[in-house]
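Trainee: I'd like a close look at a single part of this model, please, followed by whatever helps me place it in the rest of the chain. I'm happy with numbers, as long as you tell me the cut-offs behind them.

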Amino acid sequence: MIFGFLLVGVAFILLGFLQDLPDGWLFIVAATVLRMTEGIGSSLAFTGMYTLLPVLFPSRVGLVMGVFEVGSGLGFAVGPPIGGLLYTVGGFMLPFVSVGATVLLIIPPTFLLYKKTSCQPKVISFGVIRRLSGNFVFVLLLISQVICLTALGFLNPTFQPFLHKQFGLDELQVGLVFICAPAMYMILAAIFGALADKFGPRGFIVSGFLISGVSFFLIGPATFITTPRLWLTIVASLLMGVGLAPAFIPSYSDLLKIAKTQHPEVNTEVLTGVVSGLTSATLSLG
């Protein structure tokens, strides 16, 4: 986790200085390397965090995962408007340097908080991963995680130009509309996590995808429904967050349950490491 934070923080700060490079291959190579470094750091940090959750809270994985995703939802929600504001105030460099410095400031308290958390290194056979990959439901849940993050990720390159061209919104206003889906996701994440622990995850996952599917038809909206309207786009964004929370949150505890049922002989910390690594991979793929 700590090394991941270090890579992400440094990469973000250096991204802010890309504007000083000349156009051409040097800029492209530098930007690509820094983004890859950021991705490696994020993978390290998220895999570490996802591994710690079920180890520290084995009986309430859904609830704790939901609380954890409140943080993720808050980041998705406040990121666009804060980024838009910082860009408006200080140009290209300020958002990157600010975020990078903030990530680096997380390292000391993280080190102090987890210095007494000892998870002993263990060896795991890739045969366990291979056998889990042959479980249809396990693979289907991983695919569902990819779809959930794709649902949020595809908005990044498409939503801003759509909102600007269709409704004439500026950067700050676009950021405020971006808040809608992550905000609802953040508000409902812990609730659905707790409910999934009590009633089981599958019903929530299916219902979440149904709600999300409806939101995608409305966010544009689909041409056979009506013409674009700002209020409808905002409502659809809120509905997307309502659907993605139950679609994604319970899937992690469901994956852990399948892994433990199929491999009861394997140490719990090992299985959580495998599932957290796979979840981190699906999030990045999405």
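Mentor: What follows starts with one helix and then moves outward to other parts of the chain.

A few ground rules come before the helix. This is a predicted model, in which local features need pLDDT of at least 70 and side-chain atom pairs count only at pLDDT 80 or more, while totals for chains, interfaces and linings use all residues. Residues are numbered from 1 along each chain as its sequence is written, and side-chain values use heavy atoms, with hydrogens and water left out.

Let's take helix α11, residues 230–262. Helices here are DSSP runs of H or I with at least four residues, strands are runs of E with at least two, and the numbering goes from the N terminus. The expected span of a helix is 1.5 Å times one less than its number of residues. For the 33 residues of α11 this gives 48 Å, and the end C-alpha atoms are 48 Å apart, so the two values agree. Even so, α11 has a bend of about 30 degrees at S251. That angle lies between axes fitted to the seven residues ending at the given residue and the seven starting there.

Next, look at D254, whose side chain meets that of R202 in a salt bridge (2.4 Å, N to O). D254 belongs to helix α11 and R202 to helix α10, so this pair ties together parts that are 52 residues apart in sequence. The rule for a salt bridge asks for a side-chain nitrogen of Lys or Arg within 4 Å of a carboxyl oxygen of Asp or Glu. The two partners differ in cover: D254 is buried at a relative accessible area of 2%, whereas R202 is partly exposed at 43%. Buried means under 20% relative accessible area, exposed over 50%, and partly exposed in between, with a 1.4 Å probe and protein chains only.

The loop between α10 (202–219) and α11 holds P221. Have a look at its backbone: the peptide bond from G220 to P221 is cis, with omega near -5 degrees.

From α11 we can also reach other helices by C-alpha distance. I191 sits in helix α9 (residues 180–199) and is partly exposed at 45% relative accessibility. Its C-alpha atom is 9.1 Å from that of A245, with the two positions 54 residues apart along the chain. Y50, a residue of helix α2, is buried at 1% relative accessibility. The C-alpha atoms of Y50 and L238 are 26 Å apart, for positions separated by 188 residues along the chain.

Helix α2 brings us to the other salt bridge pair, as the count comes to 2. Here the side chains of E38 and R35 meet at 2.9 Å, N to O. The two residues are 3 apart in helix α2, which is about one helical turn. An α-helix has 3.6 residues a turn, so residues three or four places apart point the same way. Again the cover differs, with E38 buried at 12% relative accessible area and R35 exposed at 52%.

Now for the surface. F3, L6, V10, L14, F17, I40 and L44 form a nonpolar patch with about 620 Å² of accessible area together. Both α1 (2–15) and α2 (25–56) give two or more residues to this patch, and α1 has the largest share, with 4 residues. Patch members have over 30% relative accessible area and no salt bridge; nonpolar side chains (Val, Leu, Ile, Met, Phe, Trp, Tyr) are joined within 5 Å, like charges within 9 Å. The areas come from the Shrake-Rupley method with a 1.4 Å probe, and for residues only the protein chains shown count as cover. One of the patch residues, L14, lies in helix α1 and is partly exposed at 41%. Another, V10, has its C-alpha atom 8.7 Å from that of V103, 93 residues away along the chain. V103 is in helix α4 (residues 93–114) and is buried at 12% relative accessibility.

Finally, the record: the unreviewed UniProt entry lists "domain: Major facilitator superfamily (MFS) profile" for residues 1–118 and 137–286. Such positions use the numbering here, feature names are shortened, and annotations may be inferred rather than shown by experiment. In the model, residues 137–286 are 85% helix and 0% strand, with end C-alpha atoms 19 Å apart. The entry's "transmembrane region" annotation includes residues 230–249, a stretch that begins where α11 does.
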